[in-house]
Amino acid sequence: MKKLKKRRELILELLDASTSLKINDLIKKFNVSEVTIYRDISKLEKEGLVLKTADGIVKYNKAKSEDFFSQR
C-alpha cells in the first residue's frame, strides 16, 4: 500500500514539473502494467487532482476547466 501511495505522489510531482504526462512514459518510468497506471490515474482523477486525456493526464485546474466550459 505504501508503494502505491508513493507512486501516486511521484506522478503528481512529475505533473508539477510538466504540463502533461503520457501513459506509456509512466508505464516505463515505474515499470508497471498499463492496468496499474490506469488504476492510479483513476484514483487521482476521483480525488480531483488530474484529468485524463486521450493518451495521458494533465493536472486538474478548476479555474481553467470552468473557463473552458463557459466559453463553449
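**Note on the predicted model, beginning from Asp-40**

1. Asp-40 has a relative accessible area of 0% and is therefore buried, where buried stands for under 20% relative accessible area, exposed for over 50% and partly exposed for what lies in between, with a 1.4 Å probe and protein chains only. The residue belongs to helix α3, which covers residues 34-46; helices (H or I, at least four residues) and strands (E, at least two) are DSSP runs numbered from the N terminus. The side chain of Asp-40 makes a polar contact with the side chain of Arg-8 at 3.0 Å, a polar contact being a pair of N or O atoms within 3.5 Å, of which, within protein, one must be able to donate a hydrogen and the other to accept it, while residues adjacent in sequence count only if both atoms are side-chain atoms.

2. This is a predicted model, in which local features need pLDDT of at least 70 and side-chain atom pairs count only at pLDDT 80 or more, whereas totals for chains, interfaces and linings use all residues. Residues are numbered from 1 along each chain as its sequence is written, and side-chain values use heavy atoms, with hydrogens and water left out.

3. On confidence, the chain has a mean pLDDT of 85, with 83% of its residues at 70 or more; pLDDT is the predictor's confidence in each residue, from 0 to 100. Helix α2 (residues 23-30) has the highest confidence, at 97, and helix α4 (residues 62-71) the lowest, at a mean of 46. Over residues 63-72 pLDDT stays under 50, and for this stretch the model has two contacts beyond four places in sequence, contact meaning heavy atoms within 4.5 Å.

4. As to the overall arrangement, the chain has four helices and three strands, which follow one another from the N terminus as α-β-α-α-β-β-α. Of its 72 residues, 26% count as buried. Where contacts join residues at least 6 apart in sequence, 46% of them are between residues at least 24 apart.

5. Helix α3 has 13 residues and reaches 18 Å from its first C-alpha to its last, close to the 18 Å expected at 1.5 Å a residue, the expected span being 1.5 Å times one less than the number of residues. Its buried residues are Thr-36, Ile-37, Asp-40, Ile-41 and Leu-44. They lie on the same side of α3, because they cover an arc of only 135° around the axis, the arc being that of the directions from the helix axis to the C-beta atoms. Val-35, Arg-39 and Lys-46 are exposed on the other side of α3, while the buried residues of the helix pack against α1, α2, β2 and β3. Just after α3, Gly-48 takes a positive phi of about 75°.

6. Which residues of α1 are buried? They are Arg-7, Arg-8, Ile-11 and Leu-15. These residues cover an arc of only 95° around the axis, and so sit on the same side of α1. The face turned away from that buried side carries the exposed residues Lys-2, Lys-3, Lys-5, Asp-16 and Ala-17. The buried residues of α1 pack against β1 (20-22), α2, α3, β2 (50-52) and β3 (56-59).

7. Contacts recorded from both helices link these two buried sides. Leaving aside neighbours within four places in sequence, Asp-40 is in contact with Leu-4, Arg-7, Arg-8 and Ile-11. Arg-7, at 12% relative accessibility, counts as buried, and, with the same neighbours left aside, is in contact with Phe-30, Val-32, Thr-36 and Asp-40.

8. In soluble globular proteins, nonpolar side chains tend to be buried together. Here the largest nonpolar core has 13 residues, and those with the most contacts inside it are Ile-11, Leu-26, Ile-37, Ile-41 and Ile-57; such a core is a set of buried Ala, Val, Leu, Ile, Met, Phe, Trp, Tyr and Cys residues joined through side-chain atoms within 4.5 Å. At least two residues of this core come from each of α1 (2-17), α2 and α3, and α2 gives the most, with four residues.

9. Ile-41 is at 0% relative accessibility and therefore counts as buried. Neighbours within four places aside, Ile-41 is in contact with Ile-23, Leu-26, Val-50, Lys-52 and Ile-57. Ile-41 and Ile-57 are 16 residues apart in sequence and 7.8 Å apart in space, C-alpha to C-alpha.
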